[in-house]
Amino acid sequence: MNVTRSVLASWLLAVVIPAQAGQAPKPAPDQVEYDKLVAEWTAAMKTYTEANKQLMASEEYKKARAEKDTAKARELMASVSRPDGKAFGTRALELADKNAGDDGLRFLVYAAANFNDKDTSKAIAERVLKNYLKSPKLGDLLEHGMALSRALGAEEGDALLERVKAESPHALPKAWAMYWQGQSIQQGARLKKDATAEEKAENEAKVAKADALFAAAGTLAQGTEHADRIGAPQFEKERLQVGMEVPDIVGEDVDGVPFKLSDYRGKVVMIDYWGFW
Amino acid sequence: MFPHERSLVERLKDKPFSLIGVNSDKEKDTYFSQVKENGISWRSFWNGPKGTGGPISAKWNVRGWPTLYVIDHKGVIRHKWLGNPGDETLDAAIDALLAEMQQDTKK
């Protein structure tokens, strides 16, 4: 029996090894599953976008729009179904649970960034608290902190961010936590037209608190790949107000030709952030 | 927004005025497939494959689309709007800055 086995083994080795020689190493199983998840979601979104485009171009939809028949237009819109974020989310959570550590975290990152499903986001938040508070990669997930805090609600969302601030040993997760706390305070700081003096003072305190969080977040994020985005609220406040000299934009046009906003200095310029979508 | 921007660019084509876009379509194909039929003649930065999450709008803290800035000939931000402020407001703002520029160069 032993002899047979070893003969069989050497035969297998002889066949298998040469067959693999010269090939790239086989990707890890979790990489295969990750790529599959991404490919399937991308395909589903593409199908959805195409179907939506076709609907917009259809006579029936144009007619409903022209006649301002919003009920009909809405009904038509609803006939194009979005990819099932919950089903994809459930799958991502299972894959995350199967793959421990940072390998699992990336399934959660992809889910938070794309699936837009409340239950999935809640489940992600639970796993952050349980497994990933100290992960150096937690910043990748908290980049999509808006989805998490929307799913959790103001109080629970804030509690999660507080835990990150207190317990993460890394700069980027902490910076994102402060950034999102600032955002949620800022959103709550919209002043009514007929606000009382007391309401105004309260509002000013909120704005100051948000600004302080943004400033701290920006400082922590310096030198990271997300420095610009996390530092943006502070950049807008300090550099992009009416009366200030406009900061330059250096980039490429849609044809790939490099140019700068300052090339147009000496003219009146309107900058339009736009898209066809 | 396009129809008015088109007529604005057309009306001011001989004036020292430029409309510069920051196009935030995720795919350049989306841009190229529609740019002609919409008569977009002005130059745009491309915000990159992340679309509205791209680096230029991220740095400028852009929170809504369109976001508009109007810069005078000295490079000073004179107006900023989140959302289209309306054709008349836009025209008046730009015409006033062009007049101001003319005054300045006369001096």
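Where is the place of N61(B)? Select N61(B) and you will find it in the loop between α3 and β3 of chain B, where helices (H or I, at least four residues) and strands (E, at least two) are DSSP runs numbered from the N terminus. Residues are numbered from 1 along each chain as its sequence is written, while chains are lettered from A and ligands numbered from 1 in the order in which they are written. The model is a predicted one, in which local features need pLDDT of at least 70 and side-chain atom pairs count only at pLDDT 80 or more, whereas totals for chains, interfaces and linings use all residues.

**First stop: the loop before β3 of chain B**

Keep N61(B) selected and look at its backbone: phi is positive, about 60 degrees, although N61(B) is not a glycine. With 19 C-beta neighbours inside 10 Å, N61(B) counts as partly exposed; the scale calls a residue buried if 20 or more other C-beta atoms lie within 10 Å of its own, exposed if 12 or fewer, and partly exposed in between, with C-beta atoms placed from the backbone. Then move along to P66(B), which is found in the loop between α3 (55–59) and β3 (67–71) of chain B. The peptide bond joining W65(B) and P66(B) is cis, with omega at about 0 degrees.

**Second stop: chain B as a whole**

Now select chain B, which has four helices and four strands, following the pattern α-β-α-β-α-β-β-α when read along the sequence. Its C-alpha trace spans about 45 × 30 × 20 Å along the principal axes, and buried residues make up 29% of its 107 residues.

**Third stop: a sheet built from both chains**

Add β3 (268–274) of chain A to the view. Five strands form an open sheet in the order β2(B)-β1(B)-β3(A)-β3(B)-β4(B), with mixed pairing; two strands pair if DSSP finds at least two bridges between them. Because β2 (43–46) and β4 (77–82) of chain B stand at the edges, each with a single partner strand, one side of each is left without a neighbour in the sheet. The twist averages 20 degrees from one strand to the next.

To follow the pairing across the chains, select β3(A) with strand β1 (residues 17–23) of chain B: the two run parallel and are joined by seven bridges, and V268(A) stands opposite F17(B). On β1(B) you can also pick out the parallel pairing with β2(B), which has four bridges, and in which N23(B) stands opposite W46(B). Helix α4 (residues 87–106) of chain B packs on the sheet, touching β3 of chain A together with β1, β3 and β4 of chain B, and its direction makes about 150 degrees with that of β3(A).

**Fourth stop: the contact between the chains**

Which residues should be coloured here? The contact takes 33 residues from chain A and 46 residues from chain B, two residues being in contact if their C-beta atoms, placed from the backbone, lie within 7 Å. On the side of chain A, the elements that give two or more residues are α13 (227–230), α14 (232–239), β1 (250–252) and β3 (268–274), and β3(A) gives the most, with seven residues.

**Fifth stop: α12 of chain A**

Select helix α12 (residues 197–221) of chain A, whose 25 residues reach 36 Å from the first C-alpha to the last, close to the 36 Å expected at 1.5 Å a residue; the expected span is 1.5 Å times one less than the number of residues. Among its buried residues are A210(A), L213(A), F214(A) and A217(A), and the buried residues of α12(A) pack against α11 (171–187), α13 and α14 of chain A. Just after α12(A), G223(A) takes a positive phi of about 85 degrees.

**Last stop: two helices and a loop in chain A**

Select helix α2 (residues 29–57) and helix α6 (residues 102–114) of chain A, which pack at an angle of about 10 degrees with their axes 10 Å apart; axes are lines fitted to C-alpha atoms, for helices over the stretch in contact, and angles run from 0 to 180 degrees between N-to-C directions. The residues that make the contact include Y34(A) and W41(A) of α2(A) and F107(A) and Y110(A) of α6(A).

Finish at K68(A), in the loop between α3 (59–66) and α4 (70–79) of chain A, where phi is positive at about 55 degrees although K68(A) is not a glycine. With 8 C-beta neighbours inside 10 Å, K68(A) counts as exposed.
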